[in-house]
Amino acid sequence: TVSAVFGAKTDLYVVFAALSESLGVTIVADNFITESYCGELHLPEAPLAVVLEAILQSARFSPDTLRLESTPDYIFLYAAQNENKASLRLDTGPLTAEQQALLDKEVSLSLPIVPEDKEGLLFSALPIPLHEALFPLSEQLGIEVTAQRQLGDIPINPVVFKRLRLETALDLLLRQWPLAQFGWELQTDRILIRER
């Protein structure tokens, strides 16, 4: 259960990142959804499902336009027209034991990075271009993350991922982009975000 208070016109990416940070869970949505705002909300303690439903209703989403993917590790909300698959890994060859261990590594990710002593920072957070997100991504994932130059200006919404497999975190990060033309590949010593 959770209680939540959000001001009118709070970006939904901020709402989901703040809930993720405060609850220690991963809640993320695609750009079709997060480009909307919630209305003013004051929700007394209620189950998370009820709180999420109230947030989406306040943003005036019709239930038939949304899809929900819920696992023990994360909640992913996406629009019906989002064509992305669950896995966006483009290199499909066999993995070495070392590569598999890397993709299975548990990571937490925060964009922008949320320092322990800066409560409320997420509420002022704005999307950043991918080229600015690459360094904090690399630091937090423990492997260099690069991107094709032409993708550098694609906006990355503020997100908070808690205790996910590295592979799952990369997939969720890119599944926010509702166009099915991007993915990532594991190279010898880095991860490359690229077009298909």
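This is a chat about a predicted model, covering two buried residues, a cavity, a pocket, salt bridges and two loop residues.

User: What kind of model is this, and how are residues numbered?
Analyst: This is a predicted model, where local features need pLDDT of at least 70, side-chain atom pairs count only at pLDDT 80 or more, and totals for chains, interfaces and linings use all residues. Residues are numbered from 1 along each chain as its sequence is written, and side-chain values use heavy atoms, with hydrogens and water left out.

User: Start with S20. Where is it?
Analyst: S20 sits in helix α1, residues 12–23. Helices (H or I, at least four residues) and strands (E, at least two) are DSSP runs, numbered from the N terminus.

User: Buried or exposed?
Analyst: S20 is buried, at 0% relative accessible area. Buried means under 20% relative accessible area, exposed over 50%, and partly exposed in between (1.4 Å probe, protein chains only).

User: What does the S20 side chain have a polar atom 2.8 Å from?
Analyst: The backbone nitrogen of I27 is 2.8 Å from a polar atom of the S20 side chain. A polar contact is a pair of N or O atoms within 3.5 Å; within protein, one must be able to donate a hydrogen and the other to accept it, and residues adjacent in sequence count only if both atoms are side-chain atoms.

User: Which residues does S20 touch, leaving out those up to four places away in sequence?
Analyst: S20 touches V25, T26, I27, V160 and K162. Contact means heavy atoms within 4.5 Å.

User: I27 came up there. Which cavity lining includes I27?
Analyst: I27 is one of the residues lining the largest cavity; Y13, F16, A17 and V160 are also among them. That cavity holds about 50 Å³ of space.

User: How many cavities of 30 Å³ or more are there?
Analyst: The structure has one. On a 1 Å grid over the protein atoms alone, a cavity is a set of points where a 1.4 Å probe fits but cannot get out, and a pocket is an open set with protein on both sides within 12 Å along at least five of seven lines; lining residues have an atom within 4 Å of a point. Grid points are joined across faces, edges and corners, and a volume is the space filled by probe spheres set on the points.

User: Which elements supply at least two residues of that lining, and what classes are in it?
Analyst: α1, β3 (27–29) and β12 (159–165) each supply at least two residues. The lining has 10 nonpolar, two polar and no charged residues. Ala, Val, Leu, Ile, Met, Phe, Trp, Tyr, Cys and Pro count as nonpolar, Asp, Glu, Lys and Arg as charged, and the others, Gly among them, as polar.

User: And the second largest pocket, what volume?
Analyst: About 180 Å³. The elements giving two or more residues to its lining are α3 (48–58) and β6 (66–70). Its lining has six nonpolar, two polar and two charged residues; E53 and R67 are among the lining residues.

User: Switching topic. How many salt bridges?
Analyst: Six in the whole structure. A salt bridge is a side-chain nitrogen of Lys or Arg within 4 Å of a carboxyl oxygen of Asp or Glu.

User: Which one involves E167?
Analyst: E167 pairs with R165, with the closest N and O atoms 2.9 Å apart. E167 is buried at 13% relative accessible area, while R165 is partly exposed at 31%. Salt bridges that share partners join D104, R165 and E167 into one network.

User: What about E185?
Analyst: E185 forms a salt bridge with R194, the closest N and O atoms being 2.6 Å apart. E185 is buried, at 15% relative accessibility. E185 is also one of the residues in contact with I191.

User: Where is I191?
Analyst: I191 is in strand β14, residues 190–195, and is buried at 0% relative accessible area. I191 and I27 are 164 residues apart in sequence and 23 Å apart in space, C-alpha to C-alpha.

User: Last topic, phi. What is the phi of K9?
Analyst: K9 has a positive phi of about 65 degrees and is not a glycine. Most residues other than glycine have a negative phi. K9 lies in the loop between β1 (2–6) and β2 (10–11) and is exposed at 66% relative accessible area.

User: And R60, where does it lie?
Analyst: R60 is in the loop between α3 and β6. Its phi is positive, near 65 degrees, and R60 counts as exposed at 77% relative accessibility.
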